[in-house]
Amino acid sequence: MQPRNMSMSGVVDLAAVKAAQEAKAKAEQTRAETARQGGVGAVSPADLVIDVDEAGFEREVLQRSAEVPVVIDFWAEWCQPCKQLSPVLERLAVEYDGRFLLAKIDVDANQMLMQQFGVQGIPAVFAVVAGQALPLFQGAADEAQIRQTLDQLVQVAEQRFGLTGLTVDADAEPGDVEEAPAEAVGPYDALLEAAVRALDAGDFGGAVQAYKNVLADDPGNSEAQLGLAQAELLQRVGGMDPQQVRRDAADRPKDAEAQIAAADLDLVGGHVEDAFGRLIDTVRNTAGDDRDTVRLRLLELFEVVGPDDPRVAAARRALARALF
């Protein structure tokens, strides 16, 4: 799944300055609109821990992260360390009294979210702040370490984005949470939302077409351009056998198609520099049509990550050196 307000650069590069600035502006806009609507009511302690799936991710995590940091606990029923960590996180969510919201995601039922965040093993804990995702820790951690990490998260959320958390009322009934107001509808919002729904459903071909429909009328629509690049990447990766792709890339280091496929996997897994480096090396080792094919795929991956990402700028310079 690739939620609308969360670009892939947000997943794989959480230090991008421009992305953080845009996220802060978005959070401020959402809070201002919420205030005009009368504000969000108090929540009960039980509402501080929620179960989230792919269908509700944008609403429950991305949209709410404009009001409160959302900590994500990736877990599974069969995972013994998860059974030790999850109760600690749940207890701390209540103890921190609304300064963060805990979203629990069962990886067995939500494979796309696990893949999108590049989760390599569980338990894994991430956070989303003002639409921007960042990894917190993976595996077992003692409570002191967890508290230190949460304290830093809360501090960053408040200082950089002005997120002071939710108001908690012990007498409030669970579930009595007012939803954030809907965003203003723009000329292409219906088509963009259709693309998001297609991605949520794993219909990458449908998402590709929806984004192309927007670009047919508005070629400069940056949201559709980014969405199309991401949807096409997920469509390509969706039918791959990762182990076979890795074997082929290792066995055939000068094979353009083998290296392109492996680079796609690298990027979806969050290994941005590996993806770029692999293709730049392949540009150096190929010629003619193969070289041009690799170059064009690298430019597509630049679009997925975002032109302002510092790793894109570095890779562009390295590509220029490889070509000339």
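A residue is called buried here when its relative accessible area is under 20%, exposed when that area is over 50%, and partly exposed in between, with a 1.4 Å probe and protein chains only. The model is a predicted one, in which local features need pLDDT of at least 70 and side-chain atom pairs count only at pLDDT 80 or more, while totals for chains, interfaces and linings use all residues. Residues are numbered from 1 along each chain as its sequence is written, and side-chain values use heavy atoms, with hydrogens and water left out.

**The whole chain**

Begin with the whole chain in a cartoon view, where the secondary structure comes to 14 helices and five strands; helices (H or I, at least four residues) and strands (E, at least two) are DSSP runs, numbered from the N terminus. Of the 324 residues in the chain, 48% are buried. The accessible surface comes to about 15300 Å², and carbon and sulfur atoms hold 48% of that area, as computed by the Shrake-Rupley method with a 1.4 Å probe, where for residues only the protein chains shown count as cover. Contact means heavy atoms within 4.5 Å, and among the contacts in the chain with a separation of 6 or more, 72% are between residues 24 or more positions apart.

**Helix α4 and the residue after it**

Select residues 80–95 next, which form helix α4, a run of 16 residues that reaches 24 Å from its first C-alpha to its last, close to the 22 Å expected at 1.5 Å a residue; the expected span is 1.5 Å times one less than the number of residues. Its buried residues are Cys82, Leu85, Ser86, Val88, Leu89, Leu92 and Ala93. If you now show what covers these residues, you will find that the cover includes strands β1 (49–51), β2 (70–75), β3 (101–106), β4 (124–129) and β5 (132–138), together with helix α6 (143–161).

Move on to Asp97, which sits in the loop between α4 and β3 and has a phi near 60°, a positive value in a residue other than glycine. Asp97 is partly exposed, with a relative accessible area of 47%.

**Strand β2 and the loop after β4**

Val70, in strand β2, is the next stop, and its relative accessible area of 0% makes it buried. Which residues does Val70 touch, not counting residues up to four places away in sequence? They are Val61, Arg64, Ser65, Leu101, Ala103, Phe126, Ala127 and Val128.

From Val70, measure across to Ala130: the two C-alpha atoms are separated by 9.1 Å, although the residues are 60 apart along the chain. Ala130 belongs to the loop between β4 and β5, and its phi, near 55°, is again a positive value in a residue other than glycine. Ala130 counts as buried, at 8% relative accessibility.

Before leaving this part of the chain, select Ile122 and Pro123, which are joined by a cis peptide bond with omega about 0°; Pro123 lies in the loop between α5 and β4.

**The second largest pocket**

Now display the second largest pocket, whose volume is about 380 Å³. A pocket is found on a 1 Å grid over the protein atoms alone, as an open set of points where a 1.4 Å probe fits, with protein on both sides within 12 Å along at least five of seven lines, and lining residues have an atom within 4 Å of a point. Grid points are joined across faces, edges and corners, and the volume is the space filled by probe spheres set on the points.

Its lining has 15 residues, and Gln115, Gln120, Pro242, Leu265 and Gly269 lie nearest its centre. At least two lining residues come from each of α5 (111–116), α9 (222–238), α10 (242–251) and α11 (256–268), with the largest share, three residues, supplied by α5.

Stay with Gln115, in helix α5, which is partly exposed at a relative accessible area of 35%. Beyond its neighbours within four places in sequence, Gln115 is in contact with Val237 and Val268, and the C-alpha atoms of Gln115 and Val268 are 7.3 Å apart across 153 residues of chain.

**Helix α12 and Arg297**

Select residues 272–285 for helix α12, where Val272, Ala275, Phe276, Leu279, Ile280, Thr282 and Val283 are buried. Seen down the axis of α12, these buried residues fall within an arc of 160°, so they line one face of the helix; the arc is that of the directions from the helix axis to the C-beta atoms.

Finish at Arg297, in helix α13 (residues 288–305). Is Arg297 buried or exposed? Arg297 counts as buried because its relative accessibility is 16%. Its contacts, not counting residues up to four places away in sequence, are Arg236, Ile260, Asp264 and Leu279.
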